[in-house]
Amino acid sequence: QVQLAESGGGLVRPGGSLRLSCAASGSIFSINTMGWYRQAPGRQRELVASITSAGTTKYADLVKGRFTISSDNAKNTVFLQMNSLKPEDTAVYYCNYNVWTTIYSRSDYWGQGTQVTVSS
């Protein structure tokens, strides 16, 4: 099994910044991709950003230029630096890991979610 522990959410004013972290532990053979998703009330969960083990990144159009995803592969940790936050960024943010637990088995794992609220 793989466990994900998120941290870093909170309340911030528009234009402010937050940094989310997600650390994975457990039976990890190798990590394929890591990512951040978010879900606002009444809306579907959507991809915010992702990063492969090789460092290739992808961003949702709404966050390009404002958010940066990075990782510390040695610590199985992924980060999301969020700058110039807007009220519409308010959501529960979830980290997601696509992990090989053995050479034959690959699965998705989710963090518990952390609330990000952007409000004046």
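Visitor: How many aromatic pairs does a search of the whole structure find?

Guide: In this model, which is a predicted one, the search of the whole structure finds one aromatic pair. Its members are Y37 and W110.

Visitor: What makes Y37 and W110 a pair, and why is the pair called edge-to-face?

Guide: The centres of the two rings are 5.0 Å apart, and a pair requires centres within 6.5 Å, so Y37 and W110 qualify. The angle between their planes is 65 degrees, and angles over 60 count as edge-to-face, which is why the pair carries that name.

Visitor: Which parts of the chain does the pair of Y37 and W110 tie together?

Guide: Y37 belongs to strand 4 and W110 to strand 10, so the pair links parts that are 73 residues apart in sequence.

Visitor: Why are Y37 and W110 called partly exposed?

Guide: Y37 has a relative accessibility of 23%, while W110 has a relative accessible area of 39%. Buried would need a value under 20% and exposed a value over 50%, so both residues fall in between and count as partly exposed.

Visitor: How do you know that R45 lies over the face of W110?

Guide: R45 is placed at 4.7 Å from the ring centre of W110, and the distance limit for a charge over a ring is 6 Å, so the distance part of the test is met. R45 also lies over the face of Y94, where the distance to the ring centre is 3.8 Å.

Visitor: What makes C22 and C95 a disulfide?

Guide: Their sulfur atoms are 2.0 Å apart, and a disulfide is a pair of cysteine sulfur atoms within 2.5 Å, so the two residues meet the criterion. The structure holds one disulfide, and the link of C22 and C95 is right-handed, with 45 degrees about the S-S bond. Because C22 lies in strand 3 (residues 18-26) and C95 in strand 9, the pair ties together parts that are 73 residues apart in sequence.

Visitor: Are C22 and C95 buried or exposed, and how do you know?

Guide: The relative accessible area is 0% for C22 and 0% for C95. Since values under 20% count as buried, both cysteines are buried.

Visitor: Which strands pair with strand 9, and how do you know?

Guide: Two strands pair if there are at least two bridges between them. Strand 4 (residues 30-39) has nine bridges to strand 9, strand 10 (residues 106-110) has five and strand 11 (residues 114-118) has three, so each of these pairings meets the limit, and each runs in the antiparallel sense. Strand 9 itself covers residues 91-100, of which eight of the ten are buried.

Visitor: Where do particular residues of strand 9 meet their partners?

Guide: Y97 is the bridge partner of M34, N98 has D108 in strand 10 as its partner, and V92 is matched with Q115 in strand 11. Strands 9 and 10 also form a hairpin, with five residues between them.

Visitor: What makes the side chains along strand 11 an alternating series?

Guide: T114, V116 and V118 point to one face and are buried, whereas Q115 and T117 point to the other and are not. Alternation between the two faces of the sheet is what side chains do in a regular strand. Strand 11 also pairs with strand 2 (residues 10-12) in the parallel sense, over three bridges, and T117 there is the bridge partner of L11.

Visitor: Why do strand 1 and strand 7 count as edges?

Guide: They belong to an open sheet of four strands in the order 1-3-8-7, with antiparallel pairing. Strand 1 (2-7) and strand 7 (67-72) each have a single partner strand, so one side of each is left without a neighbour in the sheet. The partner of strand 7 is strand 8 (residues 77-82), joined over six bridges, with I69 opposite L80.

Visitor: What makes the link between R66 and D89 a polar contact, and why is R66 called buried?

Guide: The side chains of R66 and D89 come to 2.7 Å, and the limit for a polar contact is 3.5 Å, so the distance satisfies it. R66, in the loop between strand 6 (57-59) and strand 7, has a relative accessibility of 11%; because that is under 20%, R66 counts as buried.

Methods: Residues numbered from 1 in each chain as written. Predicted model: local features only at pLDDT ≥ 70, side-chain atom pairs only at ≥ 80, totals over all residues. Heavy atoms only, no water. Helix = DSSP H or I, 4+ residues; strand = E, 2+ residues; numbered from the N terminus. Buried < 20%, exposed > 50% of the residue type's maximum accessible area, 1.4 Å probe, protein only. Phe/Tyr/Trp six-rings, centres within 6.5 Å; stacked < 30°, edge-to-face > 60°. Lys NZ or Arg CZ within 6 Å of the ring centre and 35° of its normal. Polar contact = N/O pair within 3.5 Å; in protein donor to acceptor, adjacent residues only side chain to side chain.
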